[in-house]
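Me: Take a close look at one part of this model for me: the strand pairing. Then tell me how it connects with the core and the helix packing.

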Amino acid sequence: MPLKANADKINTVEGQGSVWNNNSYHWEQKSVDKWSEDTLKKCLSIFYYKYEKATLKITEVKDFKGESSVSVRKGKKIVTYEYSTKLVWRCDMANEDNSKVIGTIEGEYEMPEISNDILDDGEEWDIQCSIKTGDETLRKTLFQVVKKYAPEELRKAIKTQFVEELKKK
């Protein structure tokens with residue numbers, strides 16, 4: 001008759017499964033949802049991007065949903081994550097000497113799928129951008145910043161501050 005494992009006596013070996021899982025052969029999964037949610041939300045909420053006289057900042061993370069896990073099977077670590085969120089942003093344009101804000105536009109980024117599957121396929125996460133408020137001239141001036149440059153930097157931030165750290169779990 002098999003003996004029931006005592007959870008207090010099971011230790012995890014760094015980069016492998018638990019001690020009871022000889023050679024990490026059997027499927028073993030641990031949830032890292034709490035850590036992942038906290039880390040990804042922090043990464044998103046502190047993100048800002050500066051381009052010449054424009055500064056884009058995330059002001060709110062909303063509709064955040066998803067999950068992540070780290071598994072081991074046959075000695076191989078398997079990291080999975082899938083999240084979706086909306087980010088409210090504000091982009092301020094400063095005057096020539098950067099001493100005063102002369103205009104602001106606001107909008108939202110929607111990220112329908114932040115997942116390992118997309119990166120594993122060699123693609124990039126989709127970031128849909130909408131500009132909600134602001135002067136039409138300023139919208140045209142800052143179009144490239146909010147639609148192209150800032151999303152590229154946001155993807156890099158997620159990869160380095162979230163994905164790379166999750167892989168170390």
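Reply: S4 (76–94) and S5 (101–115) pair in the antiparallel sense over twelve bridges. Strands pair here if DSSP finds at least two bridges between them. Strands are DSSP runs of E with at least two residues, helices are runs of H or I with at least four, and both are numbered from the N terminus. This is a predicted model: local features need pLDDT of at least 70, side-chain atom pairs count only at pLDDT 80 or more, and totals for chains, interfaces and linings use all residues. Residues are numbered from 1 along each chain as its sequence is written, and side-chain values use heavy atoms, with hydrogens and water left out.

Start with register. Glu 82 of S4 has Ser 115 of S5 as its bridge partner. The hairpin of S4 and S5 has six residues between the strands. Asn 98 sits in that loop. Its phi is positive, about 55 degrees, although Asn 98 is not a glycine. Most residues other than glycine have a negative phi. Asn 98 is partly exposed, at 40% relative accessible area. The cut-offs are under 20% for buried, over 50% for exposed and in between for partly exposed (1.4 Å probe, protein chains only).

Now the other edge of S4. S3 (54–73) joins S4 through 17 bridges, again antiparallel. Leu 56 has Cys 91 of S4 as its bridge partner. This hairpin has two residues between its strands, and Lys 74 in the turn has a positive phi of about 55 degrees.

S3 also takes on S2. Four bridges join S2 (residues 48–51) to S3, and the two run antiparallel. Tyr 51 has Ala 54 of S3 as its bridge partner. Two residues lie between the strands of this hairpin. Glu 52 is in the loop there. Its phi is near 50 degrees, another positive value outside glycine. Glu 52 is exposed, with a relative accessible area of 61%.

What lies against the strands? The largest nonpolar core has 38 residues. Such a core is a set of buried Ala, Val, Leu, Ile, Met, Phe, Trp, Tyr and Cys residues joined through side-chain atoms within 4.5 Å. Tyr 81, Trp 89, Cys 91, Tyr 109, Val 146, Leu 154 and Ile 158 touch the most other members. H1, S3, S4, S5, S6 and H4 each supply at least two residues. H4 gives the largest share, nine.

Val 146 ties several of these elements together. Leaving aside neighbours within four places in sequence, its contacts (heavy atoms within 4.5 Å) include Leu 56, Trp 89, Cys 91, Ile 105 and Tyr 109. Leu 56 and Cys 91 are the bridge partners met above.

Farther along H4 (143–167), H1 (33–45) packs against it. The axes are 10 Å apart, at an angle of about 155 degrees. Axes are lines fitted to C-alpha atoms over the stretch in contact, and angles run from 0 to 180 degrees between N-to-C directions. H1 and H4 are therefore roughly antiparallel, the label for angles over 145 degrees. H1 passes H4 in a right-handed crossing: the near helix is turned clockwise from the far one by less than a right angle. Trp 35, Leu 40 and Leu 44 are among the H1 residues that meet H4, where Leu 154, Ile 158 and Phe 162 are among those met.

Conventions
Parallel < 35°, antiparallel > 145°, perpendicular 65-115°, else oblique.
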